[in-house]
Amino acid sequence: MKFRFRRQGNDPQREKIKQDLFAFNKTVEHGFPNQPSALAYDPKLQLMAIGTKSGAIKVYGSPGVEFTGLHKDTATVTQMHFLHGQGRILSLLDDNTLHLWEIGQREQCSSLEEVCSFTIPCRTAVCASYFSPYSATRVTVLLPKLNCDLLAVGTEGGGVHFLELPSLTLLDKSLSAALQRKPNFAKHSLGPVESLQEHPQHPDKILIGYSRGLVVLWDLQTRHVDNLFLGKQQLESLVWERSGNSFVSSHSDGGYMVWSVSSSTPCTNEPVSSTITYGPFPCKAVNKILWRTAESGAPLVLFSGGMPRASYGDRHCLTILQDSQHVTLDFTSRVIDFFTVHCTDAHKFDDPSALVVLLEEELVVIDLQTAGWPTIPAPYLAPLHSSAITCSYHISNVPTKLWERVVSAGQQQGSLQTHTNWPICGGKNLAPDPKQQELMLTGHEDGTVRFWDASGVSLRPLYKLSTANIFQTDCDHNDSLTQAGEEEWPPFRKVGCFDPYSDDPRLGIQKICLCKYSGKLVVAGTAGQVIVLYLSDEKSDHMIDVATVDLLQDREGFTWKGHDRLPPKSGSVVFAPGFQPVVLVQCMPPAAVTAVTLHAEWNLIAFGTSHGFGLFDYHRRSPVLARCTLHPNDSLAMEGPLSRVKSLKKSLRQSFRRIRKSRVSGKKRVLVSSPSSKVQEANAHLAEQDAEVTPVQRRIEPRSADDSLSGVVRCLCFADTFLRDGTHHGPTMWAGTNSGSVYAYALDVPSQEKFSEQSVEALLGKEIQLMHRAPVVSIAVLDGRGNPLPEPYEVSRDLAKAPDMQGSHSVLIASEEQFKVFMLPKVSAKTKFKLTAHEGCRVRKVALVNFSSVASEDYSENGLVCLTNLGDIHVFSIPALRPQVRYDCIRKEDISGIASCVFTKTGQGFYLISPSEYERFSLSARVITEPLCQVEFDRPHDSSETSLKCIFLITLTTLITNILDYVGLFYETGAVSMLQISNFSSRANIFCSLLVYFV
């Protein structure tokens with residue numbers, strides 16, 4: 001008979017310790033914003049803002065200065081404007097709403113908050129659908145005046161409205177009715193307002209450009225048209241020349257015109273000059289143009305678009321012209337917007353220093369003061385997805401020597417970059433310097449491994465390693481467009497690093513492992529290639545040793561149907577300073593590598609695929625072990641990842657088998673009344689009375705041994721522990737598979753003096769089969785105190801405490817369904833936690849983490865952190881496996897985010913929230929990396945009366961809008977007539993105008 005005892009309540013002291021150890025925070029987003037849609041710049045505060053299609057606003061200054069705001073509604077940010085020097089941002093969404101944001105102070109740090117919003121009256125479904133073919137009040141362009149007291153709003157109907165800032169109060173200064181009364185406009189159809197530009201010398205005058213080509217210089221004080229310019233081409237954009245004596249217009253035919261502004265000529269029919277740069281054949285529209293004067297000579301002309309439609313209509317280009325210099329910047333993604341960093345004070349010339357271009361997939365900054373106009377490397381906003389990310393690997397507490405060598409190798413790669421200071425340098429970073437250096441390594445589809453500085457808020461690129469140059473492929477990235485020929489026209493220059501296309505998918509990186517003390521790196525790919533690289537400070541020209549490991553071990557009945565291996569180059573290869581390959585181990589069949597690990601102190605690497613695992617001595621260049629893990633029915637493992645087609649008949653057969661097993665097991669009941677059955681009934685009755693005694697466990701069906709891909713190797717690890725007996729410890733290697741099998745090998749590793757003389761030998765010591773055959777996610781060996789074993793070289797170099805070799809060791813095996821601790825060397829079960837039975841979820845990611853207390857620097861605990869398929873994170877104590885905390889982290893629908901998650905050893909983590917962005921989070925109460933910054937600005941004092949007006953008008957506008965929406969619904973159902981809707985709408989507009997006037 002089993003006796004059950006009631007669990008004791010929570011220990012207050014333990015709860016206090018847990019509060020000092022654990023805390024969940026999403027801290028910062030690394031990378032490039034997904035789907036950018038708008039750009040803004042404040043030359044006074046030197047801040048840049050990017051809006052996205054999801055409604056996010058991200059503000060950037062000097063490295064470490066970041067703010068993020070999110071609109072309540074998920075709508076595209078179409079335009080953004082800073083109120084210069086005030087720390088305020090205006091945003092326009094595609095739902096026609098205006099929003100005002102402010103950078104506020106909170107606990108001596110700055111943050112971005114929305115303060116009010118506004119919708120132009122009568123912009124409703126009724127007006128848009130029934131009164132006109134298009135919405136006359138839909139906003140097309142915004143112009144905040146430089147003194148930040150007035151906002152001009154251009155609409156599709158050709159009207160220009162004015163709002164008071166910062167209250168966003170509508171003023172009775174609309175230009176639409178006033179212009180229509182002018183005789184010069186009687187015969188012109190204005191069309192939508194395309195551009196609004198404030199006169200650089202006379203703030204009371206604005207330039208209004210209409211899509212049909214008409215341009216008007218309007219005086220706000222006299223409400224009079226000073227000049228009229230009659231263009232003949234569809235207008236795209238306008239820009240003033242600094243003196244205000246002329247302006248430039250760009251058009252849909254690929255050209256731009258220079259117009260002279262003179263009070264003696266109120267109506268101008270012809271421009272001073274008209275240029276189609278890439279004519280005479282039809283060209284695409286010049287979407288935006290900038291004209292910047294330079295003290296050194298001719299002005300600088302910059303425009304996007306304008307390419308010959310037939311020849312280069314699919315190119316994304318931006319042209320820079322100055323005297324005889326002409327460069328056509330060729331990007332790999334669409335140009336969203338651009339601006340220049342130039343003098344805005346009382347200086348006579350613009351003298352631009354940098355060009356900032358926001359593309360759909362990256363940010364490019366050009367140095368305009370250096371000959372050749374090179375690019376400036378960005379300290380943040382790097383395109384993580386320049387090639388699709390396939391894996392990631394994090395290294396904490398990087399040694400200074402390794403850090404400096406990696407940084408030096410990366411600096412030698414930037415030959416076409418300038419070292420000019422970053423031009424967007426507003427704000428002040430208040431975050432303390434990181435206590436340790438952290439590296440994030442990302443593997444990519446094109447065979448590259450990129451090294452990132454993950455120590456702080458900004459994820460900064462350090463170094464790029466390419467593995468494509470050691471294979472015979474068609475991947476030649478030295479595009480002929482990189483350096484334009486002398487007679488090539490247009491003079492293209494390839495700019496940017498976003499290149500999502502891989503010529504050979506076999507180059508994709510699947511697994512990475514780095515020894516931070518020896519500088520040895522292992523990279524494994526999609527075609528079974530495992531590359532061992534050494535870090536070198538010098539250029540090298542050498543041959544790469546190639547070894548082949550047959551994981552099938554001549555097993556009969558299996559034929560590989562997937563892709564071929566990547567043929568290595570014959571002869572010597574030139575390698576730049578950095579990580580240089582020395583050994584290439586080719587797994588056969590050439591399936592994707594699913595697990596890899598490195599022990600630099602023993603000169604060993606272990607690798608696994610869907611067919612088995614191998615052990616290789618890279619010092620002697622010789623295989624040590626090859627073990628096939630295939631099941632006789634593992635036919636899917638022979639298909640390969642590039643031609644994976646599962647048999648429908650087999651899938652249905654397996655599904656029916658599981659259903660049949662569950663029905664049979666459900667019918668097994670005790671029918672005969674016996675003493676044992678009465679005991680079971682008593683236990684069941686007791687369990688109903690005390691539900692807290694044992695949690696409800698879900699029934700888990702054992703997995704069939706012939707499930708497809710059961711031989712996939714999921715994890716590998718090395719450990720110095722007790723495997724043969726309890727008195728002698730030594731090197732071991734552990735491997736876990738998809739079918740719940742664990743293989744433990746005892747290794748005979750010679751001493752360092754005899755590495756070249758003796759070979760490593762491996763002997764199978766233990767073989768464990770988990771009951772439900774759940775895939776093994778992770779294996780870790782714990783010392784006598786229950787602590788994880790130190791990394792290679794840590795003990796020999798006095799960088800960590802020696803593990804406890806007196807007490808009995810244990811091995812922690814984490815499967816998709818449960819965690820289990822076995823005592824060594826007998827492999828007897830010590831404790832376990834059934835996560836799937838208790839929580840109904842499956843384990844996806846596992847890591848051993850050291851949590852430091854926020855109350856005391858000397859106290860810390862090791863914990864087991866796991867991420868489940870539901871997106872929640874659990875922390876357990878080790879080796880007792882007691883649940884500590886649970887947090888909701890990732891949406892369960894975000895499968896790619898869960899699959900990309902990686903934990904650090906100090907309690908932080910990263911996961912992809914988009915192809916180009918990592919979300920960083922912290923589980924530790926002590927170790928948190930988050931933006932701490934401050935922006936100083938001079939903002940006029942806002943009275944409470946203005947704020948009350950703003951709130952009142954917002955509420956009023958929302959009420960009227962909702963009423964008109966309901967009226968439109970009644971019209972659709974036939975409850976009211978069109979005439980009644982028109983009368984009601986006109987009265988509502990009059991009512992709104994009167995209230996605005998009296999308020």
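Start with the whole protein in view: buried residues make up 52% of its 999 residues. Keep in mind as you go that this is a predicted model. Colour by secondary structure and you will have 11 helices and 62 strands on screen. Switch on a surface next; the accessible area comes to about 46,400 Å², with 49% of it belonging to carbon and sulfur atoms. For contacts between residues at least 6 apart in sequence, 59% join residues that are at least 24 apart.

**Stop 1: an open sheet**

Select β18, β19, β20 and β22. These 4 strands form an open sheet in the order β18-β19-β20-β22, and their pairing is antiparallel. Which strands sit at the edges? They are β18 (235-240) and β22 (273-275), each pairing on one side only. Look along the sheet and you can follow the twist, which averages 20 degrees from one strand to the next.

Now zoom in on β20, residues 256-260. This strand runs antiparallel to β22, and 3 bridges join the two. To find one of the bridge partnerships, pick M257 and then S274, its partner in β22.

**Stop 2: aromatic rings**

Show the side chains of Phe, Tyr and Trp. The count of aromatic pairs comes to 26. Begin with W240 and F247, an edge-to-face pair with 5.9 Å from centre to centre and 70 degrees between the planes. Both of these residues are buried.

Then move to W602 and F718. Their ring centres are 6.0 Å apart and their planes stand at 90 degrees, so this pair is edge-to-face. W602 is in the loop between β43 (595-599) and β44 (604-608), while F718 belongs to strand β47 (residues 713-721), so the pair ties together parts 116 residues apart in sequence. Are these two rings buried or exposed? W602 counts as buried at 11% relative accessibility, and F718 is buried too, with a relative accessible area of 15%.

For a group of rings, select F24, Y887, F903, Y911 and F921, which form one aromatic cluster.

**Stop 3: charges over rings**

Select R315 together with F492. The arginine R315 lies over the face of F492, 4.4 Å from the ring centre. Next, go to R797 and Y793: the charged end of R797 sits over the ring of Y793, at 4.5 Å from its centre.

**Stop 4: backbone details**

Hide the side chains and look at the main chain. Most peptide bonds are trans, and most residues other than glycine have a negative phi. The places below are worth a look against that background.

- Select L165 and P166: the peptide bond between them is cis, with omega near 5 degrees. P166 lies in the loop between β12 (160-164) and β13 (169-171).
- Select L824 and P825: here the peptide bond is cis, with omega near 5 degrees. You will find P825 in the loop between β53 (818-823) and β54 (828-834).
- Select Q35: this residue is not a glycine, yet its phi is positive, near 55 degrees. Q35 has its place in the loop between β1 (22-31) and β2 (36-42). Its relative accessible area is 42%, so Q35 is partly exposed.
- Select L881: phi is near 60 degrees, a positive value in a residue other than glycine. L881 is in the loop between β57 (872-877) and β58 (883-888). Where Q35 is partly exposed, L881 counts as buried, at 3% relative accessibility.

Methods. Residues numbered from 1 in each chain as written. Predicted model: local features only at pLDDT ≥ 70, side-chain atom pairs only at ≥ 80, totals over all residues. Heavy atoms only, no water. Buried < 20%, exposed > 50% of the residue type's maximum accessible area, 1.4 Å probe, protein only. Contact = heavy atoms within 4.5 Å. Areas by Shrake-Rupley, 256 points an atom, 1.4 Å probe, with all protein chains shown as cover. Pairing = 2+ DSSP bridges. Axes fitted to C-alpha atoms, helices over the stretch in contact; angles between N-to-C directions. Phe/Tyr/Trp six-rings, centres within 6.5 Å; stacked < 30°, edge-to-face > 60°. Lys NZ or Arg CZ within 6 Å of the ring centre and 35° of its normal.
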